[in-house]
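Hi,

Here is the structure I promised to pass on. Have a look at it first, then read my notes on the pockets underneath.

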Amino acid sequence: MQTERLIRIKSEEEIECLRRSGKLLASIVRELKGFLKLGLTTKEIDGKVEELIAEHDAYPAFKGYRGFPACACISLNNEVVHGIPSERRLKEGDIASIDIGIVFEKFYADMAFTVGMGKISPDLKRLIEVTEKSLYKGIEQAVIGNHLSDISFAVQSFVESNNFSVVRDFVGHGIGRRLHEDPEVPNFGLPHSGPVLREGMVLAIEPMVNVGKWQTRILDDGWTVVTQDGKPSAHFEHTVAITKEGPEILTQ
Ligand code: MG
């Protein structure tokens, strides 16, 4: 059971710092999207991410995190999250989920998106659309007075009404001066339970959505999470502050 007292409430000043970090990450992601093209290796993409982060005087949050060897997690097709950049090349019909975290002036931001490479199948297109939309369904519930699981329920019910499934083994998280803070933010669950959302909470909301079943497993590299049934998966994430004016997406 997650208790509210473990959830760090951010001051106005801290939210302002997180906003700067979030905006910076969003601009890095925009630049990266312009760089992506067929034929690149996922290692080349990671190299570009590293360059963009350094250019803006920020630091990669994932590199070295529990020994992770790269700046971005790049997960292709049936890979869900935590894919390690490698010599594999992006090819027509692939989908790539790219997750990037940065630290800027001591504050973290975390963001992920999935893109189709060249022409992708209608099913994959729908997977990407539903996953992105489910993120916004969750974000809509990130308002003062709601319960944490209202976010979870909104994501899950939207995804399942589209006949996809939500991953259970990995969840979103609080974020601030640390990459992972309390609370955990699952993408599944019944509404009206868990901590009450308060002004100044900052959450990384990140639905991972599978075409097939929700079960996952980890490859022998110790990182890459894949779907057990081998079917494709997508991932979107924003860092979101809960404010008096409603949810504020910091990574945009
Ligand atoms: Mg995250």
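Below is what turned up in the pocket search.

Bear in mind that this is a predicted model: local features need pLDDT of at least 70, side-chain atom pairs count only at pLDDT 80 or more, and totals for chains, interfaces and linings use all residues. Residues are numbered from 1 along each chain as its sequence is written, and side-chain values use heavy atoms, with hydrogens and water left out.

The largest pocket (an open set of points on a 1 Å grid over the protein atoms alone, where a 1.4 Å probe fits, with protein on both sides within 12 Å along at least five of seven lines) has a volume of about 560 Å³, volume being the space filled by probe spheres set on the points, which are joined across faces, edges and corners. Its lining (residues with an atom within 4 Å of a point) has 26 residues, with Y65, H82, F170, V171 and H180 closest to the centre. Strand 7 (172–174) and strand 8 (181–185) are the elements that give two or more residues to that lining, and strand 8 has the largest share, 3 residues. Strands are DSSP E runs of at least two residues, helices H or I runs of at least four, numbered from the N terminus.

The second largest pocket holds about 170 Å³. It is lined by 15 residues, and K33, M111, Y136, H238 and T251 lie nearest its centre. Helix 1 (12–35), strand 5 (107–116) and helix 3 (122–140) each supply at least two lining residues, with helix 1 giving the most, 4 residues.

Cheers
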